[in-house]
Amino acid sequence: MEHVLVVGSGVAGLTAALAARSRGLDVTVVTKSYLTESATRYAQGGIAAVTSDDDSVEAHVRDTLDAGAGLSERSAAEVVCGAGAETVADLLAAGVRFDVSEGRLARGLEAAHSRARILHADGDATGAAIAKALAGRLLDSGARVHENTFVSGLVLRDGGVRGGRLLDDSTIDADAVILATGGAGQLFAHTTNPAVATGDGLALALRAGAVLADLEFVQFHPTSLAVGGNALISEAVRGEGAVLREAEGRRFMTEVHPDAELAPRDVVARAIARRMREQNGAPVGLDATALGSEFLARRFPGIDATVRAHGWDWAAAPVPVTPAAHYLMGGIVTDGHARTTVPGLYAAGEVACTGLHGANRLASNSLLEGAVMGRRAVEALNLPWQMEPPFDGEVVTVSSGRSREHAGRDDLQRLMWQNVGLERDRDLLEHAIGTLDGWSVGPASDVKSAEDDHLLLVARAVAHSALARQESRGAHWRADAPGSDTTARHSAVRWEA
Ligand SMILES: Cc1cc2nc3c(=O)[nH]c(=O)nc-3n(C[C@H](O)[C@H](O)[C@H](O)COP(=O)(O)OP(=O)(O)OC[C@H]3O[C@@H](n4cnc5c(N)ncnc54)[C@H](O)[C@@H]3O)c2cc1C
C-alpha cells in the first residue's frame with residue numbers, strides 16, 4: 001500500500017488523511033468545495049464521548065442501541081463508543097479546543113443520552129472547530145489537496161477499486177480509495193445539510209457494485225428555523241430547557257412522550273409535522289424565553305446570531321420551527337474497518353453504514369463515528385483484504401430507470417419531501433418510484449448535472465428501500481404499517497446496470 005485517495009474533507013476524510021500521512025503513506029485528498037466546507041463544519045451540539053468517571057462505555061452503547069430501535073449492531077457500537085476517549089484525546093492533540101468548565105471538559109446533555117457526555121467547542125460551533133483544526137494539520141502534513149474538484153466515478157481494475165475519475169475524465173490512480181463524501185440531505189426540499197450533501201459517494205459506490213443498506217432511515221431534525229436555508233436549532237437548546245408550543249401557545253410534547261421535548265428525534269419531528277398539518281402548515285414555536293438573553297448568547301452564540309439575523313428575539317418570544325432532513329443512517333455497508341463489499345473501496349462517516357445508527361441515530365454520535373472510522377480505515381489498509389458483511393439484508397436492485405422526462409432538482413426535492421418524507425405509505429412510495437423512474441437529468445457534464453444524476457439514483461434507492469420496509473421503526477414511519485415487525489432486519493440495495 002503506497003498511495004491512498006481520500007474523497008471528501010469532513011471529519012471522516014480529514015481524520016483518514018491525517019492517519020494515513022502519519023503512517024508515511026502518499027495521500028491525495030479530493031474535495032468538491034473548499035477544504036473546510038462540509039456537514040462537519042455546521043455541526044453544533046457536539047461530539048458524544050465517554051470522558052468522565054460517572055459515565056461508562058456500556059451506558060453509551062446502551063443509549064446508542066436504544067436509539068437504533070433494534071437495528072443497531074452492538075459490535076459497531078462497541079467499536080465506536082469504545083474509542084470515544086481516545087478520539088477526544090486525538091482531537092485535543094490536533095488543536096481542537098473543547099469548552100472547559102471549572103477546569104474540566106464541559107459536558108452537555110442531549111436527547112436520549114442517559115448521561116451528560118456531549119463535548120462542545122466555542123459553545124455551538126463544535127464542527128467548525130474540528131474542521132479548522134484538522135484542515136490546518138492536513139495542510140502541514142504533506143498530503144496533496146485538490147479543492148473544488150469533483151470525483152464523478154471510481155476506477156475499477158483487477159476486480160477492485162483503483163482510483164477516482166474526475167469530471168474531465170482524467171483519473172487519479174491509487175491503491176485504495178476512502179470515500180468520505182457525507183450524506184444526502186439535498187434529496188429533500190427542507191434540509192439542514194449544506195449544498196455539498198448530494199449523495200455522491202452513495203451513487204459512486206452503487207455503480208462500482210457495492211451493497212448499500214438501511215437507506216430508508218433518514219433522520220429529520222425536529223427543529224430548523226422555518227425560513228429558507230432551514231438553519232438548525234440544536235437539540236442542545238431543548239436540552240437546556242426550551243420547549244415546543246403549538247400556534248395557540250400550548251406545550252404539546254408532554255402529551256406525546258414521557259421525555260417530552262427530549263424524546264427521540266423521530267418522535268419529536270413527527271409530532272411537530274402533525275401539529276403543523278393540524279395548523280394548516282403553520283410552524284410550531286420553540287420557546288427558549290426561560291433561558292434568558294445573556295445565557296442564550298453565551299451558550300449558543302452561533303444560533304443566537306442566526307435567529308437574531310432573521311429578526312427574532314428568542315429571549316422574548318418563541319421562534320417558528322419546522323422539521324428538516326438532517327442525517328442518513330443508512331449508507332455503504334462497511335465492516336468494523338470501513339471496508340465495503342468491493343475490494344479496495346473503504347467508506348467512513350455519514351456515507352457509510354456500519355450498523356451503528358440502526359433505525360435512528362443517537363444525537364452527536366456521527367462526528368464520533370466519522371473520526372473513529374476514518375482512522376480505522378487507515379489501520380486496515382495494510383491488512384489482507386477480507387470483508388465479511390457485518391449483517392445480511394434482503395437485496396433490492398435499482399437501475400437507472402426509463403429516463404424520459406427531464407426533471408429539475410427542485411422537482412426531485414419536492415417529490416421526496418412529500419412522498420418519501422416524515423410519513424410514508426405504499427401509495428405515496430409507489431407514486432414516487434414511478435415518477436422517479438420516468439425522470440432523467442441530462443448528461444453529467446458539470447458538477448450540478450453530475451450531482452443531479454447522483455441524487456436521482458440515490459432517490460430511487462431510498463424510495464425502493466422505504467417501500468420494501470413494511471413496518472414502522474425508528475425514523476421510518478409507514479402510516480399503512482404503524483407497528484414494528486420484530487423479525488425485520490436490515491434492508492440492502494444493489495445497482496443493476
Ligand atoms: C447543521 C448540522 C448540525 C449537525 N450537528 C451535529 C452535532 O452536533 N454532532 C454530531 O455528531 N453530528 C452533527 N451533525 C451531523 C454531522 O455533522 C455529519 O454527520 C458529519 O459531519 C459527517 O461527516 P463526514 O466526514 O462523513 O461528511 P461531511 O462532513 O459532510 O463531508 C463530506 C465531504 O465530502 C465532499 N464531497 C462530497 N461529494 C464529493 C465528490 N463527488 N467529490 C469530491 N468531494 C466530495 C464534501 O465537499 C465534503 O468535504 C450535524 C449536521 C448538520 C448538517
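The following exchange goes through a predicted model and asks what stands behind some of the terms applied to it.

Biologist: What does the UniProt annotation cover?

Modeller: The unreviewed entry carries the annotation "domain: FAD-dependent oxidoreductase 2 FAD-binding" for residues 3-367. In the model that span is 29% helix and 22% strand, and its end C-alpha atoms lie 26 Å apart.

Biologist: Which residues are closest to the ligand, and how many surround it?

Modeller: The shell holds 38 residues, and Thr40, Gly45, Gly46, Glu350 and Ser366 are the closest. By type, the shell divides into 14 nonpolar, 19 polar and 5 charged residues.

Biologist: Which helices and strands each supply at least two residues of that shell?

Modeller: Helix H1 (11-22), helix H2 (39-42), strand S17 (319-328) and helix H12 (365-380) each do so.

Biologist: What makes the approach of Gly46 to the ligand a polar contact?

Modeller: A backbone N or O atom of Gly46 lies 2.7 Å from a nitrogen atom of the ligand. The cut-off for a pair of N or O atoms is within 3.5 Å, so the Gly46 pair qualifies. Val11 has a backbone N or O atom 3.2 Å from an oxygen atom of the ligand, and for Glu37 the distance from a backbone N or O atom to a ligand oxygen is also 3.2 Å. As for cover, the ligand taken alone exposes 1,000 Å², and the protein buries 98% of that.

Biologist: Why is Asn148 called exposed?

Modeller: Its relative accessibility is 58%. Exposed means over 50%, so Asn148 counts as exposed. Asn148 sits in the loop between strand S8 (144-146) and strand S9 (151-157).

Biologist: What is noted about the phi of Asn148?

Modeller: The phi of Asn148 is near 50°, a positive value in a residue other than glycine. Most residues other than glycine have a negative phi.

Biologist: Asp214 also has a positive phi; is Asp214 buried or exposed?

Modeller: Asp214 has a relative accessibility of 1%. Buried means under 20%, so Asp214 counts as buried. Its phi is about 60° although Asp214 is not a glycine, and its place is the loop between strand S13 (212-213) and strand S14 (218-225).

Biologist: How do you know that Asp287 is buried?

Modeller: The relative accessible area of Asp287 is 10%. That value is under 20%, so the word applies. Asp287 belongs to strand S16 (residues 284-287).

Biologist: What joins the side chains of Asp287 and Thr289?

Modeller: A polar contact of 2.5 Å joins them. Leaving aside neighbours within four places in sequence, Asp287 is in contact with Ala242, Val243, Arg245 and Pro318.

Biologist: Why is Ala135 called buried?

Modeller: Ala135 has a relative accessible area of 4%. Set against the limit of under 20%, Ala135 is therefore buried. This residue lies in helix H6 (residues 126-139). Outside four places in sequence, its contacts are Leu14, Leu35 and Thr36.

Biologist: How are Ala135 and Trp495 placed in sequence and in space?

Modeller: They are 360 residues apart along the chain, and their C-alpha atoms are separated by 34 Å.

Biologist: What are the corresponding values for Leu65 and Leu362?

Modeller: Leu65 and Leu362 are 297 residues apart in sequence, with 8.5 Å from C-alpha to C-alpha. Leu65 is part of helix H3 (residues 57-67). Among its contacts beyond four places in sequence are Gly70, Ser72 and Glu73.

Definitions and conventions: Residues numbered from 1 in each chain as written. Predicted model: local features only at pLDDT ≥ 70, side-chain atom pairs only at ≥ 80, totals over all residues. Heavy atoms only, no water. UniProt positions renumbered as here; feature names shortened; annotations may be inferred. Helix = DSSP H or I, 4+ residues; strand = E, 2+ residues; numbered from the N terminus. Near = heavy atom within 4 Å. Polar contact = N/O pair within 3.5 Å; in protein donor to acceptor, adjacent residues only side chain to side chain. Areas by Shrake-Rupley, 256 points an atom, 1.4 Å probe, with all protein chains shown as cover. Nonpolar A, V, L, I, M, F, W, Y, C, P; charged D, E, K, R; others polar. Buried < 20%, exposed > 50% of the residue type's maximum accessible area, 1.4 Å probe, protein only. Contact = heavy atoms within 4.5 Å.
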